[in-house]
Amino acid sequence: MQALGFEVLWKGKNFARLMGGLWVALRISLIAVGISLVAGVLMGALMTRKNPLIKALTQLYLETVRIMPQMVLLFLAFFGTTRWFGWNLSGETASVIVFALWGTAEMGDLVRGALESIPRHQYESAAALGLDGKQSFLYVILPQTLRRLLPQVINLITRMIKTTSLVLMIGVVEMLKVAQQIIEANRMKVPNAAFGVYLTVLVLYFLACWPISLLAKALEKRWS
Amino acid sequence: MGREILRIEHLHKEFEGKTVLDDLSLTLAEGEVAVIVGPSGCGKSTLLRCVNALEPIQGGSIFLDGAEIHADPRKLPQLRQKVGMVFQSYELFPHKSILDNITLAPRKVQKRSREDAEAEALTLLERVGLADRAKDYPRQLSGGQKQRVAIVRSLIMHPALMLFDEVTAALDPEMVREVLDVLLDLAKQGRTMLIVTHEMQFARAVADRILFLDDGGIVEEGRPADFFDHPKTERAQRFLNTFTFETVKE
Amino acid sequence: MNADVLRSYLPLYKEAAMLTIRLGLLGIALAFLIGLVCAAVLYCKIPVLRTVVRAYIELSRNTPLLIQLFFLYYGLPKLGIRTTPEACGVSGLAFLGGGYMAEAFRSGMEAIAPIQLESALSLGMTRTQALSSVILPQALTVSFPALMANVIFLMKETSVFSAVSLMDLMFTAKDLIGLYYNTTESLFLLVVFYLLILLPISLVGSLIERRLRYAGAGL
C-alpha cells in the first residue's frame with residue numbers, strides 16, 4: 001500500500017477533509033437539483049403551450065443552455081457577469097446559478113416529453129368515463145407521466161452530480177481541490193499520493209452516483 | 001422414395017423443466033412433403049426450430065443428409081444452408097431492398113457473384129410473380145407478397161429441406177391462397193418439405209404424409225385421405241372436429 | 001468590446017479550436033469502436049467478458065471525466081505509466097464515451113426482434129455475418145439519435161481538457177482573462193468558437209435524423 005500512496009488518507013484529518021470536499025460538491029448539486037425540479041416542472045408545462053411566442057422563447061432558452069459546455073456557462077457566470085454587472089459572486093453561488101439554469105432547461109424538456117408522450121385517446125377515454133379535467137389529470141395523466149419521468153429525472157440528478165466536479169475550475173474548494181492540497185502537502189513524504197488519492201476521489205464519485213443510477217434502472221425496468 | 005434427407009431420433013426438448021417434445025422420431029425422404037398438424041402449443045413450431053438448431057435440444061439426435069445437426073456449433077452455418085426456413089412473420093430485412101434481401105445470403109455465405117445471385121433471384125421472383133418488385137423495400141409490399149419473397153430468399157440457397165412454420169397464419173384471408181399456391185408449386189417440383197399449418201384443406205392437398213402432433217409426440221401419422229377421413233385415434237378425431245361446424249340450429 | 005483585441009486573439013482561439021476538434025474527434029471515434037465491441041459482447045451474451053463490460057460501463061458512466069483525467073494524468077504515472085497530455089485527453093474521452101456509446105448501441109440492437117437474427121442464421125450466416133449485415137444496420141437507425149446526442153455530449157466534455165494542461169479553448173480563455181483582463185472579448189470568442197464547433201454537428205445530426213425518419217429505413 002505504501003507505494004500506491006493510499007496511506008496519506010489516514011494521516012490526520014485528511015479523509016474527513018476529503019469527505020468535506022465531497023459534501024461541498026454534493027451540496028451544490030442538491031440545491032441546484034431542488035431548484036431545477038420545481039422550476040423545471042413549470043418550464044415543462046410552459047413548453048407544452050400552443051402560444052408560438054412562449055414556444056419560441058422556451059425553445060431558445062433550452063437550446064442555448066444545452067449547446068454550451070457547462071464549463072463555458074460557469075466561466076460566463078463567474079468571470080463574465082461579475083465583470084458586466086459589477087456584482088460579487090462566489091464560485092459556489094455562480095455554480096448553483098449555472099447548474100440550476102441548466103437543470104431547469106433539461107428538466108423542462110423531460111417534463112414536456114413526458115406530458116406529450118401520453119396518447120390523445122387517454123384524455124379522451126378519461127373524458128368518456130365522465131372524469132372532469134382535474135380528475136382525469138390527477139388519476140389518469142399524472143400517474144403515467146410520473147412513471148415515465150422519474151427514471152429520467154434520477155438520471156439527470158446523477159448527471160448534475162458528476163458535472164459539479166467542474167466547479168474546481170472556478171476556484172471552489174471541493175473534493176478534487178482538497179485532494180490536490182493533500183497531495184501537495186505530502187509531496188516529499190508520500191511521493192505516490194497522487195495515485196491513491198485520485199483513485200479514492202474517483203471511487204467516491206462513483207459511490208455517490210452509482211446507487212442513484214441503479215435506482216433509475218430499476219424503476220425503468222419495473223415501469224416499462 | 002429416394003434417399004433419406006432428415007432423420008430425427010428420440011428427440012427430447014424442454015423449456016425450463018417443462019417437456020415440450022418427448023421421444024419424438026421421424027424420417028423424411030427426398031421429395032417427400034410432410035405436414036404437421038395439431039392443437040396450439042403441441043410443439044409443432046418448436047420441432048421445426050430444433051431441426052434448424054435455433055433451439056438447443058436436451059436429448060436424442062437430428063441428422064440432416066447424414067450429418068448430425070446439434071453436434072458441433074461451428075458447423076451450424078454450413079448445415080443451415082441446406083435447410084431453408086420460412087417464418088410466420090416473414091422476417092424480411094427491412095433495411096434492404098427485395099433484391100438485396102434475396103441475394104444477401106448467397107453473396108455473403110456462398111460467396112457467389114452479385115450478377116449470378118441477382119440473375120437467379122430475378123428468375124425466382126418471376127416464378128412467384130414478383131419480378132417487378134425487386135427494387136422495392138419490404139414495407140411497400142403486402143403480407144402475401146412479403147411471404148413469397150421470404151420463400152424465394154430461402155430457395156436461392158438451394159436447400160435440401162424446406163421448413164415452413166405457419167407461413168399463412170399472419171396473413172389476411174385473401175392473401176393466404178397466393179402463398180399456398182407457391183407451396184403447392186414447390187411440392188410439384190419435388191422439393192422436400194416439412195410444413196406446419198392450420199389450413200387443413202391445404203394440408204390435404206399438398207401432403208404425402210400427415211403427422212398429427214399432440215402433447216409433444218406424434219400421435220398418429222398416415223396418408224392425408226386416411227387421416228382426414230378415417231382418423232384412428234380419439235385425439236385426432238377430436239382435433240379434426242374442431243374444424244367442422246355441427247349444425248347450430250336443430 | 002474591442003475589435004483590435006478580438007483580432008489579436010483570433011489566431012490563438014483558432015489553434016485551440018483545432019486542438020479541441022482533433023482530440024475530440026479522435027476520442028469520439030475510439031469511443032464509437034469501444035461502444036460497438038462492448039455492445040456486441042452484451043448482445044451475444046459472451047460469458048465473463050459481459051461481466052467485465054458491464055462493470056466498465058457502470059464505471060465510465062458514473063464518474064466525471066475531469067476526475068478520470070486527473071487519475072490518468074497525475075495518478076497513473078506513479079505506477080510508471082506515463083502519457084502525454086494529448087494521449088491522456090483522448091483516452092479519457094474514449095473511456096468515458098465508450099460506456100455511453102455501448103449503451104446506445106445496445107439498446108438499438110435489443111430493439112431489433114431476436115427472430116431477425118434467427119432468420120439470418122437460418123440462411124446459413126455466421127453470428128458475425130448476421131450481426132454485421134442484419135442486426136447492426138437496423139440497430140444504427142434506431143440508435144442514431146442517442147449516438148448523435150453522445151457525440152455532442154462528448155464534444156462538450158472536451159472542455160475539461162485544460163485540466164491536464166492541454167491548450168484548448170477553455171485554457172486559452174482562462175489564460176487570456178488572467179493575463180490581460182479582457183474578460184468580455186475572451187468570453188465572447190470562447191462562446192463563438194464553441195458554437196462554431198457544436199452547432200454544425202447538432203444541425204447535421206438532426207438533418208440526418210429527419211431523413212432517417214422520413215425514409216423509415218428499417219422500421
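**View 1. A cavity between chains A and C.** On a 1 Å grid over the protein atoms alone, a cavity is a set of points where a 1.4 Å probe fits but cannot get out. This is a predicted model, where local features need pLDDT of at least 70, side-chain atom pairs count only at pLDDT 80 or more, and totals for chains, interfaces and linings use all residues. Residues are numbered from 1 along each chain as its sequence is written, chains are lettered from A in the order in which they are written, and side-chain values use heavy atoms, leaving out hydrogens and water. There's one cavity of 30 Å³ or more here, and the largest cavity has a volume of about 40 Å³ (the space filled by probe spheres set on the points). Its lining residues, those with an atom within 4 Å of a point, include M71(A), L166(A), K156(C) and V160(C).

**View 2. The meeting of chains C and A.** Here, 38 residues of chain C are in contact (heavy atoms within 4.5 Å) with 35 residues of chain A. N62(C), I67(C) and F71(C) supply 18% of the area that chain C buries against chain A, more than any other three residues; buried area is the accessible area (1.4 Å probe) that two parts lose on being put together, summed over both.

**View 3. A salt bridge up close.** K217(A) pairs with E58(C) in a salt bridge (a side-chain nitrogen of Lys or Arg within 4 Å of a carboxyl oxygen of Asp or Glu). Their closest N and O atoms are 2.7 Å apart.

**View 4. Around E120(B).** With a relative accessible area of 18%, E120(B) counts as buried (under 20%, 1.4 Å probe, protein chains only). Leaving aside neighbours within four places in sequence, E120(B) touches R112(B), I156(B) and H158(B).

Conventions. 1 Å grid on protein atoms, 1.4 Å probe; cavity = no way out; pocket = protein on both sides within 12 Å on 5 of 7 lines; lining within 4 Å. Buried < 20%, exposed > 50% of the residue type's maximum accessible area, 1.4 Å probe, protein only.
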